[in-house]
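Biologist: Please take a close look at one part of this model: the empty space enclosed inside the protein. I would like to know what surrounds it.

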Amino acid sequence: MTALTLLAADGATRAVALNEAPAFRKPRGPLASRIAYAAAHVVPKAWADNTPGEPAEIDWDATLAFRHHVWSWGLGVADAMDTAQRNMGLDAAATRELITRSAAEAASVGASVVVGVNTDHLASPDASLDEIVDAYKLQLHHAEDAGAGAVLMASRHLARAAQSADDYRRVYGEVLAAAGAPVVLHWLGTAFDPALAGYFTSTELSTSDSYVDAAAGTLLDIIEQAPEKVSGVKMSLLDADAEISVRRRLPETARMFTGDDFHYVGLIEGDPSAGSGQARSHSDALLGAFAAVAPNASAAIQALDAGDADGYRAVLGPTEELSRQVFAAPTYYYKTGVAFLSWLNGHQPAFQMVGGLHAARSLPHLSRIVELANGSGSLERPELAAARWHSLLTLNGVAVGTAAVEEASALTEVTA
């Protein structure tokens with residue numbers, strides 16, 4: 001197949017050339033210059049009741065195979081995070097099983113995995129601070145017992161219950177005291193979850209110009225109270241300047257893991273003039289975007305390992321526009337784009353998501369993802385990706401070329 005059919009917002013179609021997959025090579029050893037986690041999604045059974053409000057029925061073979069795909073490129077997996085549809089379809093029972101299974105798979109191949117720890121198993125949206133502490137501890141101990149590292153996620157319950165920064169200091173202080181190993185703290189912005197307005201401060205400050213500075217102060221206070229219990233911070237504000245500011249203020253014991261899917265290329269590269277001996281000159285990565293472009297991310301970090309900053313930018317730079325499309329507003333629907341690319345690249349048999357979220361993006365939006373993935377070298381199996389995309393267009397009544405239809409029919413049943 002030599003062409004891709006693309007769909008515009010007005011229904012018009014056009015054809016572009018289908019590019020070959022880049023000749024990326026898997027690393028022979030651990031990636032050295034940066035720590036990078038891809039926040040992985042879950043794959044449901046295609047025949048399950050994948051409709052809003054129904055419990056998640058996970059295709060464990062496909063879900064765990066995707067994690068092995070990420071590990072094979074030298075990246076770690078961040079599991080049971082918002083990418084896996086926490087608070088958007090992944091129920092408590094499925095979350096616990098995902099953590100147990102993912103940690104066991106990681107141990108079987110000597111790979112790295114961290115998992116989200118939250119309070120989302122609480123039935124009521126209202127909870128006292130004591131109940132929130134206990135909920136965090138319950139999930140923390142489950143993660144630790146499974147053998148996984150912990151990412152202490154932002155809690156909707158805490159955002160609702162906290163009246164001041166002191167409430168955040170108290171809750172985090174008590175949870176950190178119970179941690180058996182250092183954890184990563186997560187600061188998730190309202191673009192990803194509007195329910196987290198005012199996090200680390202108060203709802204009243206959430207729209208204030210001083211909010212980020214005040215929240216950063218609380219976060220740094222929490223780390224200062226127990227530096228031995230915090231290995232890093234994942235910032236997901238989509239604000240590169242704020243991340244750099246906090247990164248510079250972190251103690252040497254804590255890394256900055258960028259969760260900025262709009263600006264990760266420059267944040268991960270950091271300040272080339274700072275020198276490798278200076279602390280906090282770059283961010284490491286814990287990104288949903290890296291689940292969509294794991295081979296590109298690996299190849300780029302391998303280039304950094306070799307001292308080739310130009311090669312790093314050449315490989316990873318083009319993926320940032322793709323990521324911006326995947327994470328376009330409303331940003332919390334980015335998970336649809338991650339699963340869509342997984343399907344295009346042959347990592348799951350169907351474009352299905354828990355809770356019916358595969359319907360959260362329009363065909364023109366998905367078409368732009370196809371176009372940018374093709375242009376950035378993010379289609380791992382271009383012929384399969386084109387066939388699957390054309391089959392989706394045809395299913396929805398969009399005409400594609402005769403040759404494309406015939407090849408789509410021949411390749412639709414192909415899986416990884």
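Modeller: The model is predicted, and what follows was computed from it. By class, seven of the residues that line the largest cavity are nonpolar, five are polar and three are charged. That cavity has a volume of about 70 Å³. It comes from a search of the whole structure, which finds four cavities of 30 Å³ or more. Rolling a probe the size of a water molecule over the atoms shows where empty space is left.

The lining of the largest cavity consists of 15 residues, and the closest to its centre are Asp82, Thr83, Lys234, Gly288 and Tyr334. Three elements give two or more residues each to this lining: strand S7 (183–188), strand S8 (230–236) and strand S10 (284–287).

A separate site to inspect is Ser378, in the loop between helix H13 (363–375) and helix H14 (382–395). Ser378 has a relative accessible area of 2%, and because buried means under 20%, this residue counts as buried. Leaving aside neighbours within four places in sequence, the residues in contact with Ser378 are Val293, Asn296, Thr319, Leu322, Asn345 and Ala373. The side chain of Ser378 also makes a polar contact of 2.9 Å with the side chain of Ser376. Ala21 lies 357 residues away from Ser378 in sequence, yet the C-alpha to C-alpha separation of the two in space is 7.4 Å.

Terms used
Residues numbered from 1 in each chain as written. Predicted model: local features only at pLDDT ≥ 70, side-chain atom pairs only at ≥ 80, totals over all residues. Heavy atoms only, no water. 1 Å grid on protein atoms, 1.4 Å probe; cavity = no way out; pocket = protein on both sides within 12 Å on 5 of 7 lines; lining within 4 Å. Points joined across faces, edges and corners; volume = space filled by probe spheres on them. Helix = DSSP H or I, 4+ residues; strand = E, 2+ residues; numbered from the N terminus. Nonpolar A, V, L, I, M, F, W, Y, C, P; charged D, E, K, R; others polar. Buried < 20%, exposed > 50% of the residue type's maximum accessible area, 1.4 Å probe, protein only. Contact = heavy atoms within 4.5 Å. Polar contact = N/O pair within 3.5 Å; in protein donor to acceptor, adjacent residues only side chain to side chain.
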